[in-house]
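Good morning, and thank you for coming. Please look at the structure that I am about to show, and then follow me through two of its features.

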Amino acid sequence: MSFQRKSGTAIHVALSSIVFFFLDLIDAILCVVYKFVDEILEGKSRDCYCTAAAASQIQTTCENELSETLFRRRNIFQEMWFLGFARKFKSKLSREMKISEIHESVNRWSDCGCQSCNSWTKNEDGNLHVVVKDSTSPEYSVQEPSENVIFIHGFMGSSHFWTETVFELIKKDDYRLFAIDLLGFGDSPKPRDSFYTLRDHVETIERSVIKPCQLDSFHVVAHSMGCLIALALAAKHSNIVKSVTLVAPPYFPSSVEGSVLNRIAKKRLWPPLAFGTAVMSWYEHIGRCVCFIICKHHKIWEWLIKLYMGKREIPWKIKDITRHTHHSAWHSMHNVICGGSKFADEHLETLINSGVKIHLMQGDRDKIVPSHCSSNMKRRFPSVEVDIIAGADHDSMISGRGEEFAEKLESIWCSCRTVSVT
């Protein structure tokens, strides 16, 4: 049996190497194709991370905020002759084009331009889309209830993750709940010039919720990628944050950024979810191609799903998958999940030293965030309270156990109130 297992593993490794070799080639070819098409349709093409020179120029403008995984993803075809030819042709084409022909639109040609996907452009202040549940008023109010709670969703999610699962189950009326669409996701702005760094996400939350609502205290609840943003936000406001609840946090202590990418998106064919994660995380141009097919034409896919399911509305989880651009998802993946991991320990230390209550929950069947993430955080920071939920996966501890989860949140918030009174 041991021999069969070793043979199966060897075959899987060999097949994975072959498949990802060809994906390297396809991604390099798509790099050339996109440079030409971008020049023709947009008047100019933005630098990608395929070439060392372009990557170095981008990295110097953003200091330490960009993840190394953007620049150090190995592809044996990156520096081959046809990429060099494409860059020379691109420069020649740019010089020959008239300045008037070069224009900057809100979206790239490969992004969706429908009214719902571009509704954020009508928001002149550039603030995030925020759903507020307030017992006193559905609008923002300067006069606060006794407790404020900011909910932050995970990768490729939106405020629906909380409003459709938890909001209606919070029974007490003295909480004001804020569910945000992170920058680049849902109905929030998706600027082309943003690198979607940890700082970008934190500052937009401050500008959209904390400052306009004049919050002098708040709790934070976050899921998956949102946990890293929550830790950064809470650490920055450690003097007023009361508690931080982390659900399935991708915590990799003191890890090199490249190793984080290998841990969460290792190049392998099986299981299918792991293969899809690897393709979208390692290949910039293949990922853009997938987003062009799925996200740009989401209305067609939604119509087909409605037809297949025989329903007028499709589940919010399916809608959320397409409510982003490749630029926003690609940079959030690398700059937050991979690059943001190196700041997690520092943020946790700040919060613990400030006496902030930190609670972690993770399902024992989570196939996206490894189970050792929670055990590693507990080992390094014993004061963090950890709950392992039996039978729950990455999402079902919330979507499948809404009432239990809501009760747990309220108990955490009440315990903070008791401590502060004492």
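Before we begin, one term is needed: helices here are DSSP runs of at least four residues, numbered from the N terminus. Please also keep in mind that this is a predicted model.

I turn first to the surface. A nonpolar patch of about 810 Å² is formed there by M280, V290, I293, I294, I300, W301, W303, L304 and L307. Which helices each supply at least two residues of this patch? They are helix 9 and helix 10, the latter running from 298 to 309. Helix 10 contributes the most to the nonpolar patch, with five residues.

Let us take one member of the patch, I300, which lies in helix 10. Is I300 buried, exposed or partly exposed? Its relative accessibility is 48%, so I300 counts as partly exposed, because that class covers values between 20% and 50%.

I now move to the largest pocket. Its volume is about 1,400 Å³. The pocket is lined by 44 residues, and F155, M156, L273, T277 and I368 are the closest to its centre. By class, 25 lining residues are nonpolar, eleven are polar and eight are charged.

Which helix gives the most to this lining? It is helix 8, with seven residues. Helix 8 spans 272–282, and among the other helices that each supply at least two lining residues are helix 7 (257–264) and helix 12 (326–338). Helix 9 (284–294) also belongs to this group, and, as we saw, helix 9 supplies at least two residues of the nonpolar patch as well.

Conventions: Residues numbered from 1 in each chain as written. Predicted model: local features only at pLDDT ≥ 70, side-chain atom pairs only at ≥ 80, totals over all residues. Heavy atoms only, no water. 1 Å grid on protein atoms, 1.4 Å probe; cavity = no way out; pocket = protein on both sides within 12 Å on 5 of 7 lines; lining within 4 Å. Points joined across faces, edges and corners; volume = space filled by probe spheres on them. Nonpolar A, V, L, I, M, F, W, Y, C, P; charged D, E, K, R; others polar. Patch = residues over 30% accessible without salt bridge, like charges linked within 9 Å, V, L, I, M, F, W, Y side chains within 5 Å. Areas by Shrake-Rupley, 256 points an atom, 1.4 Å probe, with all protein chains shown as cover. Salt bridge = Lys/Arg side-chain N within 4 Å of Asp/Glu carboxyl O. Buried < 20%, exposed > 50% of the residue type's maximum accessible area, 1.4 Å probe, protein only.
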